[in-house]
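The following exercises concern a ligand site and a sheet. Please work through each task before reading its solution.

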Amino acid sequence: MHIVEHLIAGAWTAGRDTSTVIDPHDGTPVSTVPAATPHEVALAVAAARGAQPDWAATAPDARADALRSAATAVEHATGALARTMSAEMGKPEHEAAASIAAGVGTLRQYAELGPLHGGRTLGGDLGALDLMLREPRGVVAAITPWNDPVAIACGLLGAALVTGNAVVHKPSERTPATGWLLTKVLEPHFPPSVLSMLAGAGPTGAALAESAVDVVAHVGSTATGRAIAAAAARTGAKVLLENGGCDPLVVDGDVDPAWAAQQAAMGAFANAGQICVSVERIYVHQDVAEDFLAALVKEAAAFEIGPLVDVRHRTGVHGQVVDALDRGARLLAGGVVPDRPGAWYPPTVLASCTDEMRVVESETFGPVAAVVEVPSFDEALRRAARSPYGLAATVLTGSMSNAHWASQQLEAGTVKINAVFGGAPGGAAHPRRGSGQGFGYGPELLDEMTATKVVHLEAPPGGW
Ligand code: NAD
């Protein structure tokens, strides 16, 4: 069993007030996690504040070298990290290893991009020099979720560190040992206190969000993001929020229903539905609805998934399914809590859903395909666009004009046409509404982690 510690002021310290993380495969204990107190949060932030100026004064190339060697160390630790991640949150080990590889890739990208990230010169008076410079913001609090714990942390930490910030990371209380192992691998590559780690749950995150940091970068639920934004409004810290989604999938009447069902199954069931851009609601044109549903039931029966993160989360997922059935949805596959240890839940297909059902209107974050049959593409689009979230959306259509119209009408950070998980590397979008704010990914994250300063330089009268 892993005994998770905090990394405060460059030293690993055992914490108090511990709780235990349970393996969702079989209910066995995996790790014990302490809860950092507000005092420990303040110590970590003060140490980060003390270490940051020297780190900022380190040449960008040297910072990039540190990140590059840290990336290699994470790569070498893939086995241990993947086993721990799988045991803590249920992702099959080979999928965990793939997501760690993505994290390593992100660290390496930021190592390359960091030294290239600069400002620009301005065209002012010929005798003057006008510059726009990028400076690190200072101390960044990174508060991360459990559903893809290494890749998400690597993105925030990589971008913040390479631009000269010190980071205090709080991994999720559901994947504390994964965060702790990652920190153990990363930390030796940086000067003491440039990277710190605090274990703990919501109260520790809240204390960190209220502390004297310069940026709070949060990837997680919408409710938490809003609480963090309120705290930052009081302290003046900048917030960066990558939050929940309720992504629609629109299936047009002219597509192959079997292919559309494959796409829907992948979107709804991959990582047991626990991806921020999982397909959460499906609007299918009535012309293909029957064949689509029949094919989706077959896909659900064949889809292999790990358990949900824990029993508490499964209770919430199943509660949404029961609510939908109570309100008239038809259960075509799954929907029954299996009688076995752990937090398993089967791929589930619900038909005849309506927009008022919780499974359609809010984020389920489970392996549930909630299908709404609609009479036309336009109606599908209208209902898909109506949401308190705005993370991403997918449209399956053979019509270029429908594709173009949909990409304009859907108010979401990302619109995907004919591929639920497609996208070129480096893409970064602004999430809308409850899904967050700012660039959480890509080269633009380097902009978020830095502040722009304008310098106007003139010679004194008579010259230098
Ligand atoms: P969560 O918000 O509950 O937890 C995320 C982190 O916030 C954890 O470290 C947690 O301890 C901390 N936290 C909880 N309450 C806090 C508070 N009051 N103040 C400060 N910190 C607090 O989210 P989760 O359940 O871990 O993750 C799942 C959610 O994350 C889903 O909604 C999913 O869509 C979202 N997510 C979004 C993206 C994205 O890029 N948009 C990526 C992954 C996950």
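Two strands count as paired if DSSP finds at least two bridges between them. The model examined here is predicted.

**Exercise 1.** Determine how many bridges join strand 13 to strand 19, and state whether the strands run parallel or antiparallel.

*Solution.* Strand 13 spans residues 247-251 and strand 19 spans residues 392-396. The two are joined by 3 bridges and run parallel. As one example of partners, valine 250 is bridged to valine 395 in strand 19.

**Exercise 2.** Establish the order of the strands in the open sheet and identify its edge strands.

*Solution.* The sheet comprises 7 strands, ordered 15-16-17-14-13-19-20, with mixed pairing. Strand 15 (330-333) and strand 20 (414-417) are the edge strands, since each pairs on one side only. On average, neighbouring strands of this sheet are turned by 20° against each other, direction ignored.

**Exercise 3.** Describe the polar side-chain atoms that glutamate 173, glutamate 363 and tyrosine 441 place by the ligand, and the extent to which the protein covers the ligand.

*Solution.* A polar side-chain atom of glutamate 173 lies 2.6 Å from a ligand oxygen atom. For glutamate 363, the corresponding distance to an oxygen atom of the ligand is 2.6 Å; for tyrosine 441, it is 2.5 Å. Of the 840 Å² of accessible area that the ligand has on its own, the protein covers 89%.

**Exercise 4.** Characterise the shell around the ligand, and explain why the ligand lies between domain 1 and domain 2.

*Solution.* The ligand is surrounded by 30 residues, which divide into 13 nonpolar, 12 polar and 5 charged. Helix 7 gives the most, with 3 residues. Domain 1 (2-243 + 435-454) and domain 2 (247-417) both give residues to this shell, so the ligand lies between them.

Terms used
Residues numbered from 1 in each chain as written. Predicted model: local features only at pLDDT ≥ 70, side-chain atom pairs only at ≥ 80, totals over all residues. Heavy atoms only, no water. Near = heavy atom within 4 Å. Polar contact = N/O pair within 3.5 Å; in protein donor to acceptor, adjacent residues only side chain to side chain. Areas by Shrake-Rupley, 256 points an atom, 1.4 Å probe, with all protein chains shown as cover. Helix = DSSP H or I, 4+ residues; strand = E, 2+ residues; numbered from the N terminus. Nonpolar A, V, L, I, M, F, W, Y, C, P; charged D, E, K, R; others polar. Domains from an automatic or database assignment. Axes fitted to C-alpha atoms, helices over the stretch in contact; angles between N-to-C directions.
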